[in-house]
Amino acid sequence: MASAIIKTLRRQLLFGLKTSRDISRMSPAIKRSNSLQVVRSYHLARPLFGQTTTRPDREDISLLEAKQDPDTFGTLSPSVPEPEVPDEGDLQEERFLHNKPARSQKLSTKEYADLIKGHLKNQRIKEAIDVIEVRMKEDRVKPVNYLFNLVIGGCARVGYSKKAFQLYNKMKQHGLKVTGGTYTSLFNACANTPFVGDGLDKANRLREIMIEKGYEPNESNFNAMIKAYGRCGELKTAFQLVDEMMAKRFKIQTDTFNFLLQACITDTEYGFRHALLVWHKMYRLKAEPDIYSFNLLLRCVRDCGLGDLETTEQVIEQILYQSQSKPLPVEGITKEPILLEDGAKEPSKELQVRELNQEVPHEGIPNLLSSQPHLGSLISLGEIKKPEDRLLLLGGIESFLSEMGQLKIHPDIKTMTELLDVVPSTIVAEKQILSTIRRLGIRCDIDFFNILIKKRSMRFDYEAAREVLTMIQTARLEPDIVTYGVLALGCRTQEEARALLKEMKVSGTRINIQILGAMLRQGTATKNFRYVTEVLEILKQERFKPNEIFLKHLDNFNKNCEKINQAYDKQPRKVGRDEFKLEYNRYKLKLEYWMDHMGLKGLSLDNAVGVVREHPWEQYKQSQAEGYEATKNPKLRHEKKKRHSIRKIKVEELTSGEDKVDGGDDREGFFIGSR
């Protein structure tokens, strides 16, 4: 044992002497850099008593052991290999550097522009955006402002305002010049956006940017701004912009007044009297109305009211006073007021409607449309409540068409469709419209007949509504999906609904959620539980998603039925109680199963609407599906609807007499089961 220990000590001493001799032979620089490493190697190589003399490998030392080793310090720590995870950005950069496009892959600016125009023509918004954001980036081609303006304009036309402004910011990041056309497109995006509040905020910020940069808007910019502010409901700013145009000596054209009329349409309470001021301001500035002006005015007649009577009388006083060839010396009116009626808020108290009306005696209905307006035999404005009443303020159908004739404007089918929407809901008025169309030789399209069907269905004259199908056939036109939608308003029973669905199947027209919504409306109005249940079952079978209107009809129906059920609980002996409860309980079970299937079980109306509501911009974030109709037949999207003469329709032989109000009694009570 002692001899073994002596041999081990001798071996270690010899190894130490050899190491010292090797170090002494090194140069001074090598000594300083490697002495510590050699010492460390010596210590690592020196075995302890009871251990093997095997030298550990460098790779066997972990990072933790290396840090805890007292002999390891500074930069002399062993390098421990670690797994490397490739960075995605580095990989993209490497691919970008190595995958250089071929020269033939790059296109000219005109070719890129034609590519974008082709996509926009077929409503392929995402593909048009990808040309700039993906294709040109892969081709290593820097886009020019013309290409940016094309895509921004395409996004603006469909109301995709968020993307339009993102492209505008990218355009500035590329150092490209922002032109007047860019500003026009951006304001158009604000005008067409489905989010009015967001559109107004963007328009305000963009206008501030233009002021900060000292950019002077041109006529197109002003018109786009008026359109944006008007459609977003900011009428005061829209009218102020016109005053600014006049201050800068721009000639106010008819297009500008048309945008102001669009702004008036957004104000459902006061828009009609705003429109009257705009109309007569157009006459005073020698800007002749065009066909669009008359059509927009009819839209104001349909959708907008007069507002408070006192202010409306003041507006009419202002219009009548300014139309006089020899104006009366009225105290307080010394200059031309601005377009908005704020300038007419304090007219002379001596100036009364009756006094102005007596200057030029007129009898019969009033006419505020003419350049020489008058009130005729009108006594009170308090009776003006319905669209047909507001049309009478403009002189009625004959005066309206006569005014167009004096300006040498020929009415089109859209004018007659708008007129049909504002005339009294009677057969006599509808025959007058049809006779006028025949007399003027206007060619009709299917939209006119759709409005006629809707008008008759809304007054419950369903037989007359079905007769319009014969007119459509006589005019050599074909029903479209909207035709079946308005016909669905007349499906009061399950049998009528099934007959319409069968007719659609024969014609090759597929049902949609709007038609089912119209049927649901009739089923809920008549409280026909089985009809409502069948509509819900069809929606489930066709795999449609209910829209907001559909859910609101259903929610209102459920609330009304629950009130009736509670009323029956308080009157247990009332006739029909047991029958109602039997059908209602059966309906509730089926409704619960349907709601569960649609993923709406237990949700309130607001939450359910949030689930089914689709974001209006989602369609522009997805590529168009292969085989889409507009892709296969790009010309069909831009083809005008068929228009044919109705000279073969015998208007005098149409049903006349008293209007039928069929179905009025049905809506009072409830009906169980099929009728």
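Colleague: Which residues of helix α29 are buried?

Modeller: This is a predicted model in which local features need pLDDT of at least 70 and side-chain atom pairs count only at pLDDT 80 or more, while totals for chains, interfaces and linings use all residues. Residues are numbered from 1 along each chain as its sequence is written, and side-chain values use heavy atoms, with hydrogens and water left out. Helices are DSSP runs (H or I, at least four residues), numbered from the N terminus. Taking buried as under 20% relative accessible area and exposed as over 50%, with partly exposed in between (1.4 Å probe, protein chains only), the buried residues of α29 are R577, F580, K581, E583, Y584, Y587, L591, W594 and M595.

Colleague: How many degrees around the axis do these buried residues cover?

Modeller: An α-helix has 3.6 residues a turn, so residues three or four places apart point the same way. The arc is taken from the directions from the helix axis to the C-beta atoms. The buried residues lie on the same side of α29, because their arc is only 165 degrees.

Colleague: Which residues are exposed on the other side of α29?

Modeller: Having placed the buried residues on one side of α29, we can turn to the other. The exposed residues there are D578, L582, L589 and Y593.

Colleague: How far apart are the end C-alpha atoms of α29?

Modeller: The expected span of a helix is 1.5 Å times one less than its number of residues. The 21 residues of α29 (residues 577-597) should therefore span 30 Å. The model agrees with this, since the end C-alpha atoms are apart by 30 Å.

Methods. Helices (H or I, at least four residues) and strands (E, at least two) are DSSP runs, numbered from the N terminus.
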